[in-house]
Structures are given as structure tokens and as C-alpha cells.
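With the model open in your viewer, please follow the stops below in order, making each selection before reading on.

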Amino acid sequence: MSQDPTPFAVTPGKVIALHLNYPSRIAQRGRVPEQPSYFLKPGTSVSASGTPIERPAGTELLAFEGEIALVIGRSIRRVNPEEGWAAVSGVTAANDFGVYDLRHADKGSNLKSKGGDGFTPLGPAVINASDVEPDALRVRTWVNGELVQEDTTSELAFPFGRLVADLSQLMTLEPGDVILTGTPAGSSVVQPGDVVEVEVDAPTAPGAPSTGRLVTPVVAGTVPMAEFGAGPQIDDLQRAEAWGSAEAAGLPVVEPVETRPSALLTDELKAKINSVGTATLSAQLRKRGLNNVSIDGLQSTRPTARLVGLARTLRFIPNREDLFASHGGGYNAQKRAFDSLGPGDVLVIEARGETGTGTVGDILALRAQVNGAAGLVTDGGVRDVAAVSALEIPTYFANAHPAVLGRRHVPWDTDLTIACGGAAVQPGDVIVGDADGVLVIPARLIEEVVADAIEQEREETFIALMVAAGEGVDGLYPMNAEWKGRYQEWLRK
């Protein structure tokens, strides 16, 4: 343990950290955990309030994560969630620092990236667990006096008692062990000279107990890392994840395509589109000579949901090893496309009808949903299809497949004319989908096509009523002059 005083009499035997827990962070990260998952931090990473943290020489992505730390009060093994919270003696503030430059060396363990000396500041005070409710705590983080993280424990994916109980199924938790319980959205990169502060409190509990602010100044390391171990290594993906977004990291962001100076799909126009079926829209397009505007051969994760939005496009090319090496990793075209989606966008993916690999998975589908996108359309496969189907965003796809991109595809470019399911799609086209399929409607035609489709369905309603009343279809369907006159009379009633 650091020589500086900490809230603990001895170095914690175990420091166990949770990956994801707060809904805001889950949405930011774009992956929904089914069960809690953890990593270990060494006891030597613990430090006290006021102790500086050293950003290792040669690195640039030191990120903070303000968290609530649970302190185990008694030895437990194989307890249930109710007993789990009862075994917590106190809660305190924590900062789960990590160096994203070293994540490549960890293979998921986080040992090098998060296990450095001083990388787990704790304190300055411990709140007695018996004085607070586990779902009524608050964590806040400041950088140089500016509030950057704030969230409560009211809607955690994994409540505290469950975490303790889960860990106790495989290991004995002992007095003084520490469990870090995840960070909310807002984690980002800090530089030498910055000061990070974290506070945990219970604002609705009697006396509003607080840990006080856990203060950690950031200083620059001066000793280079030795060459006999993995050194710093970063790419645009690590920069985006460390900073919290591509935009925050200063990386290029693909802006949504503007089809008109004013918004094309107003609420009124969308309501009109949703009032008619794709079959009727298809008939109106056919009358205008547009027969090749359906994206064929797809199924939907939400066949009862209506899809209406403006096309954004992503193109995959056939896999070639050297091209995948240059374009497949890092912040590639696929990740940029999903990151840049906005409200009402529909990402249409050209996968060449290749069904032997996935083109969308649960992480990216969730990212699209969080960004407000209207839907996803791919003539290729979908990975994690059960998780994607559980999302609200409708996804149209050819089949389910577990493989990743590199098996058949290279993510190549975005927002250009593509082919998907036998149809040409341009950025800004109107995409309409339902249980019958997906249509591509040129934006310049959408208002007149919808107006005529509404009239067509009105006429068909009249024809159906006449047929139900016993009329024959000769001259009625389609209507001759006599029936059109009777139709006009029906409209006036």
C-alpha cells in the first residue's frame, strides 16, 4: 500500500473491478452485458487522496473512471444477494484509472493498463453501509473543478448485493477486500497538470453522509518503459474509447447527409407514409416506371414495426488480406458509419448478398439505437441475432451468422451509392419497411408518391366495401366511369 494514509488499516487482499454497470456507460460503450464480468487490480495500485498519479512516459491516454467502492466487512462464501449487501461494511470513493495505450497487451485482463502503482485511489472517508441504501447513492467526478460525471445507483444493471454474491460463489471474500462497481458515462482522458476529484454521497439519507472528495493530481512520468515488455500502442479506436467518442478525441466524424435545407421527413409526412402499406407505395412507384426499388431477400428483427427514415450507406468489399490489414482495424469505415448516425437515419449496408459472415452485431446495433437511428438494413448476415432482436431498432438482414467481418468483408467507405438486395441506394433516399419488405424511394418523389398512395388506399377501401356488399369485381376493380362516380358520392357522405 502507499505510504500515505488510506481509509484502510491494511492493504486490501483483493481489489476486484466490474466492467459495466451504469446504463449511461452501457449505452456509451454500445454493448449490453448479460452477466457481470470483472478484472483484478493489485493491492499496490491503491493510494490515498492527494497522492499524485503518474502518467507513464510515452503514453497519452490516461483515463479516469469515478466509481463507488464497496468494502467487505466479514468473511463470506456462497451467499445470496441479500446476504451480499449485508456483508458490506462501508462504501467509499474510488478512481479506476487506466492507460489505453497498454490495453493491447492485456488481452482483457487490464493488468498493465489498470494495475499501475497509484491507479486505484480510494477515500478519503468511508460511509457506514448500514447508514445508507445501496440504490440511493450518488457518484460525482470533477476535472479541474468542472463536473464531468454524475449518476446514481437507482438503475444499475447489477445491484451491489448481486455483485458480492456472484463473486462469493467462486472465492472467499475477506474483510478489507474492495469491489469497484463500475463507472457512469463521462469518463475521459486527463493530462499532466490536471486534478481529478471523486465524491460518493447519499443525499437522501439522514445527514446526507459523504466520503468527501478523493483528490488525485496527474503528473508526467519521466522513466521510459523498458523494451523487454509491451510498450505503448494506440490507434483511433483506442483514442475514441478513451476520450468517450470520436468527436471528443478530435477524430474525423462523418456528418449526416443533408438532402434538403429543411428537414425532409417532417412528423406530418412520416405520419402519412405510415398510413399506407409498402405494397401500395410499390404500386405507385411502378406507375412511375420504378420497378427495381425493393431490397429483396431480407427478414426483420421486428416485422410488426414500421421503418421510415433517410438512407445512410456503408459499403463492404470482398476480403483481401492486405486491404483488411490497412482498412479493417481501428476506427474503420464501419465504426465511423455507426458512430455518425443521427435521429431518423437508416444505415443501408452493401454486403454483396454474402451470407457467410456477420455485418452487424449487438454492439453496433445498440450504438445505432442510442444515436436515434430509425433502422438498419443489410443484405448480409447479423451476429448476436438474439441480442439484436431484443433491441427496439428494426434490423432487416439476410440471415444469422456468427463470423466476424474479416472472414469475407473489408469495411471500405460510407455515404455513396451502393447496391443492397438488388436495389440501388443513394444517401438521402427514403427507406420504408414493414412485414412485406423494404422500399427505396427517391426523396424528390416521396410527397407525390405518398399522396397518391393514400388516395389509392381510399379507393381500395371503397372497393372492398362494395365487394363485401355483394358487388362483382367487373368494372369495379379497377373502377370504370360509373363506379368512379359512385365513389365520388361515397366520399361526399
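The tour goes from a pair of helices to a pocket and then to some backbone details.

Please keep in mind throughout that this is a predicted model.

**First stop: two helices**

Begin by selecting residues 278-287, which form helix α7, together with residues 446-468, which form helix α12; the two pack at an angle of about 120°, with their axes 9 Å apart. Angles from 65 to 115 degrees count as roughly perpendicular and those over 145 as roughly antiparallel, so α7 is oblique to α12. The crossing of these two helices, α7 and α12, is right-handed.

Now show the side chains where they touch: on the α7 side, select Thr280, Leu281, Ala283, Gln284, Leu285 and Lys287, which meet Val449, Val450, Asp452, Ala453, Gln456 and Glu457 in α12. If you colour this contact by class, you will find six nonpolar, three polar and three charged residues.

**Second stop: the pocket**

Keep Lys287 and Gln456 selected and add Glu459, Glu460 and Pro478, since together these are the closest to the centre of the second largest pocket among the 14 residues that line it. The space in this pocket comes to about 300 Å³. Both α7 and α12 supply at least two residues each to the lining, and α12 gives the most, with six residues. Colouring the lining of the second largest pocket by class gives five nonpolar, two polar and seven charged residues, whereas the contact of α7 with α12 has six nonpolar and three charged ones.

**Third stop: two cis peptide bonds**

Most residues other than glycine have a negative phi, and most peptide bonds are trans, which is a useful background for the remaining selections.

Stay with proline 478, and add tyrosine 477 before it: the peptide bond from tyrosine 477 to proline 478 is cis, with omega near 0°. Proline 478, which is among the residues closest to the centre of the second largest pocket, lies in the loop between α12 and α13, the latter being residues 481-492.

Next, move to glycine 123 and proline 124, which are also joined by a cis peptide bond, with omega about 0°. Here the proline, proline 124, lies in a strand, namely β9, which covers residues 120-128.

**Last stop: a positive phi**

Finally, select asparagine 144 and display its backbone; what is the sign of its phi? Although asparagine 144 is not a glycine, its phi is positive, at about 55°. To place this residue, select β10 (138-143) and β11 (146-152) as well, for asparagine 144 lies in the loop between them.

Conventions
Residues numbered from 1 in each chain as written. Predicted model: local features only at pLDDT ≥ 70, side-chain atom pairs only at ≥ 80, totals over all residues. Heavy atoms only, no water. Axes fitted to C-alpha atoms, helices over the stretch in contact; angles between N-to-C directions. Helix = DSSP H or I, 4+ residues; strand = E, 2+ residues; numbered from the N terminus. Parallel < 35°, antiparallel > 145°, perpendicular 65-115°, else oblique. Left-handed = near helix turned anticlockwise from the far one by under 90°. Contact = heavy atoms within 4.5 Å. Nonpolar A, V, L, I, M, F, W, Y, C, P; charged D, E, K, R; others polar. 1 Å grid on protein atoms, 1.4 Å probe; cavity = no way out; pocket = protein on both sides within 12 Å on 5 of 7 lines; lining within 4 Å. Points joined across faces, edges and corners; volume = space filled by probe spheres on them.
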